[in-house]
Structure formats: structure tokens, C-alpha cells
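User: I would like to go through the reasoning behind some labels. Please give the value and the cut-off each time.

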Amino acid sequence: MSELTPDDAFLTLYSDLAREGPGAPADLGWALSVAATPAKARICDAGCGSGADTVTLAKERPEAQIEAVDKIAHFVAAARQRTAHFGDRVQVRQGDMADLSGPYDLIWCAGAIYFLGVTEALTRWRSALAPGGAVAFSEPCLLPRPSEAARAFWAEYPQITDISGIRARAAAAGYRVLGEQMQIGAAWEAYYRPIERRIEKLRPSATGALAGALDQAEQEIARWKAAPSEIAYALLVVKPE
Ligand SMILES: C[S@@+](CC[C@H](N)C(=O)[O-])C[C@H]1O[C@@H](n2cnc3c(N)ncnc32)[C@H](O)[C@@H]1O
């Protein structure tokens with residue numbers, strides 16, 4: 001295989017996966033119900049990746065208008081392809097989720113709000129919410145009494161906090177929590193298992209940047225496997241006060 005740039009190596013490893021972060025379809029049903037998102041809602045999938053959750057949102061709310069936004073062209077193209085059969089009611093665009101205009105009844109943001117910061121994102125999104133609208137987001141969360149292995153997993157995310165810290169970040173933006181649940185185990189397997197299969201396939205011919213990307217992904221998965229019952233995203237549904 002010819003040498004790849006680090007960006008190409010990243011895409012070779014992470015393109016065409018079922019999803020780009022931990023999560024499960026059932027989480028969306030839960031969030032839509034907690035947020036009381038109406039049938040004809042306007043919904044944004046912020047940081048949609050290749051559109052796994054965009055598809056589920058479109059299925060869960062067949063009369064809704066859905067806008068999915070991601071900054072990476074490759075993911076936008078993949079999400080467009082995946083959602084084309086829904087027609088015009090699902091639009092996917094390349095853009096910055098920091099600049100949403102709305103109005104939306106629900107902003108769904110899985111595994112991406114940490115790019116902006118919880119307080120910063122919620123503050124920015126307030127004006128993009130329709131009256132009564134809500135935001136559902138997942139965010140890395142430290143469980144009580146974390147082991148060394150759990151701390152090691154999150155070493156590259158020093159901003160990590162526990163559930164009360166996440167609630168406090170939402171409150172600092174003037175939001176109240178309507179519901180919360182933890183994503184542990186299955187949601188992470190849904191993300192890591194396909195990557196493991198991809199690594200296995202690519203490994204025999206991988207050199208240079210690609211070999212480095214595979215090593216990094218393998219190390220991340222090994223750190224998760226060292227403490228799978230302790231590695232969590234908190235999924236919160238919040239609403240402006
Ligand atoms: C970990 S992935 C999660 C993707 C998807 N939500 C999922 O759960 O499969 C994070 C995504 O956020 C996108 N992203 C990060 N910062 C962004 C920004 N400022 N605007 C739009 N998308 C962004 C990345 O390109 C990436 O696709």
C-alpha cells in the first residue's frame with residue numbers, strides 16, 4: 001500500500017463505519033420521549049458524522065424535518081448517501097455546529113459537544129431553539145471512585161468531570177436537566193467492534209501513517225477493555241430555564 005498522509009490514514013480507518021462514536025438507537029427513542037419532541041419537529045443532528053443517528057431520528061419521527069451538520073466533507077457525503085431515501089425532509093450540510101440558526105425543537109449531539117464545551121455549546125444553541133425546544137447530548141463522564149484504568153482511558157480529555165460537573169456546566173448556560181442516563185458497555189461495543197474488524201483487515205499491508213493510526217486505535221480499545229464497566233458517556237436532555 002502506498003504511504004498515506006495522516007488525514008488519509010484517519011479516513012481509511014474511520015470511514016464507512018456504522019458510527020463514529022459510542023451510542024445505540026434506543027438512546028434516541030429515550031431522548032425524543034424525555035424531550036417530548038413533537039411528530040412534526042424540526043431536529044438538528046449536530047456533529048452527525050456519517051449519519052447513524054440521523055437515520056434513527058428520521059425513522060423515529062417520520063414527519064419531522066431533520067438537518068444534519070458536520071464539518072468533515074467525507075462524513076457529510078456518507079451521511080447524505082445514507083439518508084437519501086428519506087427525500088427532502090432530511091438535509092445534510094457541511095458546516096460548523098457552533099453556528100446553528102434553527103429554529104429546532106430538538107438539537108441532538110452525540111459524542112461531539114466536547115469539541116465546543118458543554119456550557120459554550122448550550123449557550124450558543126439557545127437562540128437556535130424553538131420555544132419549548134430541548135438539547136440532548138452525550139458527554140464523557142467519570143463514574144464515582146474511578147480506577148486508575150478509567151482515569152488512564154480519559155487521560156487525553158483533562159476536562160472530564162462527573163455527572164454533577166456536567167449538570168453544573170448545563171446550569172451555567174441556564175439549562176435545566178429533564179433526564180439523564182449512562183451509556184456504558186453496549187454503546188461502546190457498537191463503536192469499537194467494527195473498528196477492531198477494520199484494524200484486522202488493514203493491518204497486514206499497513207505501513208507509515210496508517211500503521212500509526214492502527215496502533216493508536218488499538219491502544220485506545222485496549223484502554224477501554226481494561227475498564228469497560230467504568231467508561232461512560234452521560235446522555236442528558238436539557239432545556240433552557
Ligand atoms: C465522535 S464523532 C460522532 C459522530 C456521530 N454523532 C456519531 O455518534 O456517530 C464527532 C463528530 O463531530 C464532528 N465535529 C466536530 N466539531 C465540529 C464542529 N465544530 N462542527 C460540526 N461538526 C463537528 C466531527 O467531524 C465528527 O464527525
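Analyst: This is a predicted model. Cysteines come first. A search of the whole structure finds zero disulfides.

User: How do you know that Cys44 is in no disulfide?

Analyst: The nearest cysteine sulfur belongs to Cys109 and is 8.4 Å away. A disulfide needs two cysteine sulfur atoms within 2.5 Å. Cys44 therefore does not qualify.

User: What about Cys141? Why is its sulfur too far for a bond?

Analyst: The closest cysteine sulfur is again in Cys109, and the distance is 16 Å. The cut-off is 2.5 Å, so the sulfur of Cys141 is too far for a bond.

User: Why is Cys44 called buried?

Analyst: Its relative accessible area is 0%. Buried means under 20%, so Cys44 is buried.

User: And what makes Cys141 count as buried?

Analyst: Cys141 has 1% relative accessibility. That value is set against the limit of under 20%, so Cys141 counts as buried.

User: Now the ligand. What makes the link to Arg19 a polar contact?

Analyst: An oxygen atom of the ligand is 2.9 Å from an N or O atom in the Arg19 side chain. A polar contact is a pair of N or O atoms within 3.5 Å, so this pair counts.

User: Which polar backbone atoms are paired with a ligand nitrogen?

Analyst: One belongs to Gly47, at 2.8 Å. Another belongs to Lys71, at 3.2 Å. Taken alone, the ligand exposes 590 Å², and the protein buries 93% of that.

User: Where does the ligand sit, and how many residues surround it?

Analyst: The ligand is in the largest pocket. Around it are 17 residues, with Glu20, Gly47, Asp70, Asp96 and Met97 the closest.

User: What classes make up the shell around the ligand?

Analyst: Seven residues are nonpolar, five are polar and five are charged. Gly counts as polar.

Note on methods
Residues are numbered from 1 along each chain as its sequence is written. This is a predicted model: local features need pLDDT of at least 70, side-chain atom pairs count only at pLDDT 80 or more; totals for chains, interfaces and linings use all residues. Side-chain values use heavy atoms; hydrogens and water are left out. A residue is near a molecule or strand if one of its heavy atoms lies within 4 Å of it. A polar contact is a pair of N or O atoms within 3.5 Å; within protein, one must be able to donate a hydrogen and the other to accept it, and residues adjacent in sequence count only if both atoms are side-chain atoms. Accessible areas come from the Shrake-Rupley method with a 1.4 Å probe; for residues, only the protein chains shown count as cover. On a 1 Å grid over the protein atoms alone, a cavity is a set of points where a 1.4 Å probe fits but cannot get out, and a pocket is an open set with protein on both sides within 12 Å along at least five of seven lines; lining residues have an atom within 4 Å of a point. A molecule sits in a cavity or pocket if more than half of its atoms lie within 2 Å of its grid points. Buried means under 20% relative accessible area, exposed over 50%, partly exposed in between (1.4 Å probe, protein chains only).
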